[in-house]
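Hi,

Here's the structure I promised to pass on. Have a look when you get a moment, and my notes are underneath.

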Amino acid sequence: MRKATMKTKIHTLAALAGLAAGVAAVSSTTEASAQEIQISGPLAGASAVRRIRLHREGRFDVAPTATFTLLDEFRRNILFGARLNYHFTDWFGAGLWAAGGISYNTGLGDELQSKAVDGRNCSENPNTLACKRTAVNLCRGPNCLGDKQLGSIVWMIAPQATFVPFRGKFSVFGKAFMDADISLFAGPAIVGLRERVDCVKGTCAPSSTNPDPFSTASRIAPTATFGLGFNFYPTNNVSFGAEFRATPLAWNTSGFDVAGPNGSGADDALDSNDRSFHFNPMVSVFASVQLPTDIKVSD
Amino acid sequence: MRKNQAGVGLSIALALMIAPLESFAQPKKGAATSKAAAAAAAEPDVEAPEGETPSGEGDAAAADGGEAGGEAGSLDELCKIDPENCVKVDMDAASKRDIDSDMYAVQQIWALRTNRFEINPYFGLTMNDQFVAHNGPGLGLNYYLMHWLAAGVNGNVYAGLNSQSDFNFQTSRAARIGQPITEYQWNVNANATFVPAYGKFAAFSNFIFHYDFYVTLGGGAISTRPIAVVDPDNRTFAFSVKPTFGAALGMRIFFTRYLAAMLEVRDYVFWEDLENPSISSGLNSVGKPLAQDPTTWLAPESSFTNNVQAQLGLSVFLPFSWSYQKAK
């Protein structure tokens, strides 16, 4: 009988020990919050985020893009293209973006055509002071600025590495939720430009031997590109977003003679001295498909 | 026999440890579970220990397993084990209160804005005027009537900071055209701010920060004047005030519950008076040259102007801390 009572006590003590351990485990987890990793306790050293849908890891990302140049001086460019990335991890990928498109005059370009070219009509009045002073810098004829003088970006190819340091989610009015991330990308770029053709002093202005020396030509400029992307994932396979990109490059957007060698002033010649440095900011909008369709989830 | 006894104890311990941890990791359950959780989450008057800052949770944590549902017996035992973190709930009184069955998708928002003031110093950079940069400091003050709606004012000071660009000089020289340019003195606006979207990001799966997007609509006044470029010998302009209106799109990233970095793109729209591109010739009725008559200095029509600024600054929310009405 005593033995039986003793056994019961031991069972009770073991059960209480288990209960105490369980209660201790439960009570220690109640303080955890998403913002603060506990210094001590079972979550110490644990990842701040778990069970993340890995939208990028081991997947291709195929996205048609529409790109709009910003802060344009005389010509605005719209480039249509595509981006193809492969993501080795959820935070690192590599790929290619390529685009080409159209350009048109900005308000300033149109105003210049209207007032300084069409208004002066230098083809008919070549000896007025304004026409003589602008003979090197302004073409003559309807729509000549856009057709024969102003510079534009015609195409771009950019192999680029993509880093995704920020990953999270997004709520609209506390009702609709989407996964989201912020990506950074950088890489070399090859830019196809259209610029006014170079000319040496004495050949840049209209003359009896060459009444129309204004024309544009293609130039390929190697440079670098970098930027920032906002990506939203309404489903496991489809995303959309926008990228802000800069492509630093020196080029002549106006077709004007503005400088000579060694920083001197205008020299009545068109050459690389007349190019000025631009960051060439542009924004791309895209819809993207992630392949394969299966998505991994982190621990 | 002893092995069996130890096994029983360990099994119970394991069961108790696994059961709650498993429930925390569950994905969202159906309506039945949510209702039960809602009843628990609607528990009123649960106060954090004195001096403790509120700890928020951006997710529907309660919906994930009903962690907010406590039983009196369990609470008593927990309080004995850890009195400092004891949550004091009068279960009898609480059980008699009406239950708000609404379940919020996001509870205890980490950086709650309701009934808080926002002080927002920033610096504005011109984005769309290639001829003159109108950069300058600004200050915004907002009061959040609701988490997603604020009323407030902001103002910018441009005086002394307008700067003409090289592009202006090069274009004027090369094409021999005088582009009408202006300088700004100040502007003030009354605003309504809407915050429709917010979220959180994990940086390298480690550091978590919260952010929101907002839209601002507003109107006010701006003081500007033309800079004389066509006939600077005769023309000098005084500042004049014009009505302005516009909209902004912005983003805030919270470092703490009361401090955030902000970036906003704002378009201030107004009708601008520009310099007359032509110089009047002849004399007026009193024999004075028309070129010196101020009534001939302005262009006959006002110009619709968009002053687009990038505004980068900080947001400080007051008061620094608050109490949540409902438990998680």
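Below is what I found, mostly on chain B and the cores.

First off, bear in mind that this is a predicted model. Chain B comes out with ten strands and five helices. Of its 328 residues, 28% are buried. If you take the contacts in chain B with a separation of 6 or more, 69% of them link residues 24 or more positions apart.

Now the cores. The largest nonpolar one has 18 residues, and B:Ala111, B:Tyr198, B:Phe201, B:Tyr211 and B:Phe254 have the most contacts inside it. Both chains feed into this core: strand S5 (152-172) of chain A supplies at least two residues, and so does each of S6 (181-203), S7 (207-227) and S9 (259-272) of chain B. S6(B) gives the most, with five residues. Try clicking on B:Phe201: beyond its neighbours within four places in sequence, its contacts are A:Phe166, A:Arg167, A:Gly168, A:Ile182, B:Phe209 and B:Tyr211. Another core, of 13 residues, lies apart from that one and includes A:Val117, A:Leu138, A:Leu145 and B:Ala174.

That last residue brings me to helix H5 of chain B (residues 166-175), where B:Asn168, B:Thr171, B:Ala174 and B:Ala175 are buried. Looking down the axis of H5(B), you'll see the buried residues fall within an arc of 150°, so they line one face of the helix. B:Asp166 and B:Phe169 are exposed on the other side. The buried residues of H5(B) pack against helix H2 (107-118) of chain A, and also against S2 (132-134), S5 (162-164) and S6 of chain B. Just past the end of H5(B), B:Arg176 has a positive phi of about 50°.

Cheers

Key: Residues are numbered from 1 along each chain as its sequence is written. Chains are lettered from A and ligands numbered from 1 in the order in which they are written. This is a predicted model: local features need pLDDT of at least 70, side-chain atom pairs count only at pLDDT 80 or more; totals for chains, interfaces and linings use all residues. Helices (H or I, at least four residues) and strands (E, at least two) are DSSP runs, numbered from the N terminus. A residue is buried if 20 or more other C-beta atoms lie within 10 Å of its own, exposed if 12 or fewer, and partly exposed in between; C-beta atoms are placed from the backbone. Two residues are in contact if their C-beta atoms, placed from the backbone, lie within 7 Å. A nonpolar core is a set of buried Ala, Val, Leu, Ile, Met, Phe, Trp, Tyr and Cys residues joined through C-beta atoms within 7 Å. The arc is that of the directions from the helix axis to the C-beta atoms.
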